[in-house]
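Let's take a walk through this protein together. Have a look at the sequence and the 3D view, and then we'll go piece by piece.

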Amino acid sequence: MKKIILSIVLLQFILAATAQRTATGIIRGKLYYDLGSKKSKTGADLKIYLIPKITANATVVKNASAYTASCDEKMLSSAKNYKVAISDKGGYYYFTNVTQGVYLIKICTYYGGYYSFTIKTNFRGTINLPDFEVDPPVR
């Protein structure tokens, strides 16, 4: 009986440790257009790429970190482990199964914005990113 209880406790410990290592979560964000005079509208129906900033993606990240008149989706989709989302009518987008790392978000629109963020640990649940402007002023 003791061996069975010990085996069950050990199995629960192994499962809990595995769950912690493989914890993945959801990234949620919102897009908007700044219309000036403190007015804005939602950034609906836009394609957003989530690209891990890893060595294999260095060229893609460098090229995507620019304001260009079009979105080079062929180049963006050449990134390793990239994800794509489409913003809904409220401007919200979601990426699932996101783990720790440094990421670039590229918004596909005319002179679309790009943003970087870091997730320091694996997590469960949802992380809300700040609202991102679809077409920030070109600097």
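How many bridges join E3 to E6, and do the two strands run parallel or antiparallel? There are 6 bridges, and E3 and E6 run antiparallel. Keep that pair in mind while we step back for a moment. What you see is a predicted model. Its chain has 139 residues, and 32% of them are buried. Count the elements and you get 3 helices and 9 strands. Going along the sequence, they come in the pattern α-β-β-β-α-α-β-β-β-β-β-β. The accessible surface of the chain is about 9,000 Å², with 56% of that belonging to carbon and sulfur atoms. Contacts reach across the sequence too: among those with a separation of 6 or more, 69% are between residues 24 or more positions apart.

Now back to E3 and E6. They sit in the middle of an open sheet of 4 strands, ordered E4-E3-E6-E7, with antiparallel pairing. The edges belong to E4 and E7 (residues 114–119); each has a single partner strand, so one side of each has no neighbour in the sheet. From one strand to the next, the twist averages 25°.

Let's follow the sheet from one side to the other. On the E4 side, E3 (residues 47–52) pairs with E4 through 4 bridges, in the antiparallel sense. Within that pairing, Leu 50 is opposite Lys 83 of E4, and Ile 48 has Ala 85 of E4 as its bridge partner. Ile 48 also stands opposite Ile 107 in E6. E3 itself is mostly covered, with 5 of its 6 residues buried.

Carry on to the other edge and you find E6 joined to E7 by 6 bridges, again antiparallel. Here Tyr 103 has Phe 117 of E7 as its bridge partner. The E6 and E7 hairpin has 5 residues between the strands, and Tyr 111 there takes a positive phi near 50°. E7 shows two faces. In general, side chains in a regular strand alternate between the two faces of the sheet. On E7, the covered face holds Tyr 115, Phe 117 and Ile 119, while Tyr 114, Ser 116 and Thr 118 make up the uncovered one.

What about the inside? In soluble globular proteins, nonpolar side chains tend to be buried together. The largest nonpolar core here has 20 residues, and Tyr 93 and Ile 105 have the most contacts inside it. At least two residues of this core come from each of E1 (25–36), E3, E5, E6 and E7. There's also a second, separate core of 10 residues, including Ile 51, Val 60, Ala 64 and Met 75.

Tyr 93 is a good place to pause. Setting aside its neighbours within four places in sequence, Tyr 93 is in contact with a list of residues that includes Ile 27, Leu 31, Ile 48, Ala 85, Ser 87, Ile 105, Leu 129 and Phe 132.

That list leads us to Ser 87, which lies in the loop between E4 (83–86) and E5 (92–98). Is Ser 87 buried or exposed? It counts as buried, because its relative accessibility is 1% and the cut-off for buried is under 20%. Beyond residues up to four places away in sequence, Ser 87 touches several others, among them Leu 31, Gly 43, Asp 45, Ile 48 and Tyr 93.

Compare that with another serine, Ser 40, found in strand E2 (residues 39–42). Ser 40 is partly exposed, at a relative accessible area of 48%. Leaving out residues up to four places away in sequence, Ser 40 touches Tyr 32, Tyr 33 and Leu 35. Ser 40 and Glu 133 are 93 residues apart in sequence, yet their C-alpha atoms are 9.5 Å apart in space.

One last stop: the disulfide. A search of the whole structure finds 1, formed by Cys 71 and Cys 108, with sulfur atoms 1.9 Å apart. It links distant parts of the chain, since Cys 71 is in the loop between H2 (58–64) and H3 (73–76) and Cys 108 is in E6 (residues 101–108), 37 residues apart. The two ends are covered to unlike degrees: Cys 71 is partly exposed at 22%, whereas Cys 108 counts as buried at 12%.

Definitions and conventions
Residues are numbered from 1 along each chain as its sequence is written. This is a predicted model: local features need pLDDT of at least 70, side-chain atom pairs count only at pLDDT 80 or more; totals for chains, interfaces and linings use all residues. Side-chain values use heavy atoms; hydrogens and water are left out. Buried means under 20% relative accessible area, exposed over 50%, partly exposed in between (1.4 Å probe, protein chains only). Contact means heavy atoms within 4.5 Å. A disulfide is a pair of cysteine sulfur atoms within 2.5 Å. Accessible areas come from the Shrake-Rupley method with a 1.4 Å probe; for residues, only the protein chains shown count as cover. Two strands pair if DSSP finds at least two bridges between them. Axes are lines fitted to C-alpha atoms, for helices over the stretch in contact, and angles run from 0 to 180 degrees between N-to-C directions. A nonpolar core is a set of buried Ala, Val, Leu, Ile, Met, Phe, Trp, Tyr and Cys residues joined through side-chain atoms within 4.5 Å.
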